[in-house]
Amino acid sequence: MAGTRTSEPLHSELGRWPTERFRADVETTPAAARGSQGGLKTQESRSGGWMGTVFPCVCTNSADSHDVTDYNVPPATRTDDAPEVPPSDQILSVKAVDLLKSRSGINRQSHHTDEFEYDDLILRRGQSFLLEIEFSRPFNPDTDTVQLELQIGPLPQVSKGTHVIIPLARELEDNQWEAKIVHRAGSRVKLSVRSPATAVIGRYKFAVTTHSSRGDFKMEHDPKNDITFLFNPWCESDTVFMEDEELLKEYILNETGKIYYGTEKQIAARTWNFGQFDAGILDACLFVLDRSQMPHSGRGNPVNLVRVISALVNSVDDRGVVVGCWSGDYSQGTAPTAWSGSVDILTRYHRSGGTPVPFGQCWVFSGVTTTVLRCLGIPARCVTNFSSAHDSDVSLTMDLYFDEHMRPLTHLNQDSVWNYHVWNDCWMARPDLPPGMGGWQAVDATPQETSQGVTCCGPASVQAIRDGLVYHNHDTRFIFAEVNSDKIYWQRRADGSFTQVFSERKAIGSHILTKAVGSEEREDITDMYKYPEGSKEERIAVETACRYGSKPNVYLNRQAGDVSVEVSTDGAGLHVGSSASILIVVANRSQSARSAVLHGQIAVMYYTGVVKATIKKDSINVQLMPGEVRTVQWVLTYSDYQDQLVDQAALVMTVAGRVSQTGQVLATQHVFRLQTPDLQIQPEGSAVVGKQLRVKIIFTNPLSKTLNCAVISLEGAGLQTPKRINIGDVARHSTLTLTETIVPFKSGRRKLIANLHCRQLTQVHGVAEVTVRDQL
């Protein structure tokens with residue numbers, strides 16, 4: 001393989017990734033070689049502490065993770081008969097690279113990219129992969145340095161994540177790009193490479209650089225070695241993570257679907273070919289991103305990327321993919337009803353160099369958007385809203401104007417209600433919004449109104465839409481009006497002003513439908529977008545939303561703000577496996593009696609803010625005398641949450657209601673977590689460098705069910721390189737006592753950290769301080 005030789009030693013740009021030289025076939029390393037990092041992480045170790053929470057990078061070893069490091073990759077070994085130290089009197093150049101990119105190979109299979117009709121290496125971020133390199137001579141870990149390089153975009157920069165320099169390491173870390181030799185034979189090495197779950201998505205140029213005593217080498221770029229990274233909904237640390245495998249089969253892997261149309265009384269369906277894995281589609285999707293001129297450094301953020309896609313699927317402003325047309329004259333293109341899929345549209349657009357394809361209407365825009373999102377790795381579905389409102393003045397109501405004789409004033413009636421409208425839901429966490437706003441997000445590529453000067457819409461949290469929290473980004477107001485606005489009838493008075501004369505509260509958003517998971521049936525998801533029509537929760541959501549519209553006084557009540565509601569928990573008293581007490585405090589500061597009906601619910605929530613399920617709900621009738629403060633206690637039992645609790649045991653309680661006498665809206669939200677037990681770590685005896693030290697680890701299972709396949713990780717800088725201990729099952733309410741032996745290799749005050757993980761219980765850890773003495 002051709003390459004270039006430079007006269008100066010090659011080092012990582014900006015000094016960000018210090019080069020590591022090591023002996024790949026030695027399993028243990030003397031203390032001096034470990035450097036200032038102390039203990040070295042094993043490939044099984046996972047992110048922990050605040051850094052792992054704030055900057056998650058890799059999949060955990062769940063049953064569905066398909067991380068190639070789980071496929072019995074052997075430790076680094078040598079099978080050649082070469083001397084211990086290979087000759088280094090010649091430059092170390094690269095003869096060949098095998099990216100193991102076969103569709104039937106381990107990389108494509110484990111990354112769920114084997115369906116792509118491409119021979120390239122297509123991977124999902126946050127997951128390890130394998131590759132092989134053949135050098136011009138055997139690699140000498142004592143004198144040779146090897147780095148992998150990935151570059152994306154016109155001006156790759158290390159600081160922006162578009163120029164990635166991947167060093168070799170003894171063990172793979174969880175929060176960065178790294179590579180590890182897992183096998184050596186003669187002049188060939190096999191590497192396991194890990195990418196972070198925040199990596200920029202797109203097509204990277206790949207290269208290998210080497211440094212030896214005889215000079216430097218850099219492999220010339222070969223397009224056949226380009227690597228494409230996509231979002232990874234199978235990876236728990238990716239913000240598009242989706243837990244249910246059946247949902248992933250539907251919303252990522254399913255290449256066909258149904259789009260509903262008609263009227264609320266006459267619902268029909270059309271089958272749509274998304275074809276996200278067809279030849280040319282991935283190229284077209286990446287081309288769409290390039291046309292957007294979105295900086296490559298921002299292409300790891302699904303929120304921003306989805307917003308760009310909603311703008312680029314329509315041709316307004318930026319000559320995007322599809323030209324919208326509702327005139328009925330389609331003589332200059334293809335009628336919207338003639339399309340049956342996205343493949344032809346996207347490949348035409350790509351082949352033409354970016355000439356918009358005529359014509360489309362809402363279901364075409366939605367079908368193409370689904371294709372692009374699924375292709376790039378973001379779970380997506382088409383959604384149809386029947387009796388869909390188009391709010392033109394951001395009032396969050398459908399306003400109909402009449403003269404003094406109740407004749408329509410056409411020039412004022414700009415709002416409209418469509419028989420149906422099709423948009424998309426896409427799945428992601430929303431770290432930019434408050435907790436609970438993650439999960440399904442509405443995004444609409446049909447050109448209707450501008451958003452921040454661009455014809456796009458979304459992503460808007462479906463949960464925020466449901467609750468009327470329309471001040472959250474992006475375009476929540478517009479989509480709320482589409483599904484849950486009221487029709488307000490206004491009559492002109494003699495003086496030219498208008499007054500409300502009538503309202504319809506159930507005219508908008510009669511059915512919201514999508515294809516059911518794993519079947520050809522339809523699923524009604526209206527309750528995800530809005531509370532039941534006419535319910536108190538639904539009315540509260542509507543009136544809350546309208547306060548942030550252009551007509552905030554539509555539902556104006558001269559109401560007193562003299563009643564307050566707060567939710568609190570005793571953090572120290574909340575433990576996994578036990579009941580939790582939640583206090584709802586309602587205070588009446590007025591001189592009159594007050595009464596209210598409060599609607600409360602508790603939901604299990606991922607730490608990213610994505611709500612998994614509502615586990616308890618109830619209504620509370622509150623009667624308050626003047627000046628009275630009343631406390632209502634809710635008890636959440638273990639049986640309420642035992643089958644729903646997720647990582648970090650987070651829950652959110654929402655309380656909303658209305659004061660009967662004044663109409664005052666009461667609403668609050670409280671996020672809390674159930675504490676997990678600590679591991680007890682008890683060193684036995686004195687700690688001396690190079691001497692064995694026995695450590696006892698004690699753990700009591702707090703749950704009334706068995707913990708399956710539990711694993712304890714043990715590590716400590718200067719004390720113990722990361723070690724995994726499979727302890728198997730732990731019976732309910734039983735106490736486990738485990739004794740391990742460590743050999744400290746650095747003196748001073750050290751910390752030994754242990755962590756227990758299993759599917760039923762996480763976030764269990766402990767720490768012990770150990771003072772290590774030097775040998776006498």
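**Group meeting: a sheet, some rings and one threonine**

Four strands form an open sheet here, running in the order E2-E4-E8-E7, and they pair in the antiparallel sense. Strand E2, residues 94–98, and strand E7, residues 178–185, are at the edges with a single partner strand each, so one side of each has no neighbour in the sheet. Going from one strand to the next, the twist averages 25°. Before I go on, please keep in mind that this is a predicted model.

Let's stay with the E7 edge for a moment. Its pairing with strand E8, residues 188–194, is antiparallel and runs over seven bridges. Which residue in E8 is the bridge partner of Ile 181? That is Leu 191. As a reminder, strands of a sheet pair through backbone hydrogen bonds, either parallel or antiparallel.

Now to the aromatic rings, which I suspect some of you have been waiting for. Searching the whole structure gives 18 aromatic pairs. One of them is Trp 326 with Phe 365, a stacked pair with 6.4 Å between the centres and 20° between the planes. This pair links distant parts of the chain, with the two positions 39 residues apart: Trp 326 is in the loop between strand E14 (322–324) and helix H7 (343–351), while Phe 365 belongs to helix H8, residues 362–376.

Are these two residues buried or exposed? Trp 326 has 42% relative accessibility, and since exposed would need over 50% and buried under 20%, Trp 326 counts as partly exposed. Phe 365, on the other hand, is buried, because its relative accessible area is 0%.

Rings also come together in a group: Phe 129, Trp 177, Tyr 204 and Phe 229 are linked into a cluster by ring pairs.

Next, charges over rings, and I have two examples for you. Arg 270 lies over the face of Tyr 261, at 4.3 Å from the ring centre. In the other example, the charged end of Arg 381 sits over the ring of Trp 440, 3.9 Å from the centre of that ring.

My last stop is Thr 771, which you will find in strand E39, residues 764–773. How far apart are Thr 771 and Arg 750 in sequence and in space? They are separated by 21 residues along the sequence, and their C-alpha atoms are 6.0 Å apart. Leaving aside residues up to four places away in sequence, Thr 771 touches Ala 687, Gly 748 and Arg 749.

That's my tour, so thank you for listening, and I'm happy to rotate the view for anyone who wants another look.

Notes
Residues numbered from 1 in each chain as written. Predicted model: local features only at pLDDT ≥ 70, side-chain atom pairs only at ≥ 80, totals over all residues. Heavy atoms only, no water. Pairing = 2+ DSSP bridges. Axes fitted to C-alpha atoms, helices over the stretch in contact; angles between N-to-C directions. Contact = heavy atoms within 4.5 Å. Phe/Tyr/Trp six-rings, centres within 6.5 Å; stacked < 30°, edge-to-face > 60°. Buried < 20%, exposed > 50% of the residue type's maximum accessible area, 1.4 Å probe, protein only. Lys NZ or Arg CZ within 6 Å of the ring centre and 35° of its normal.
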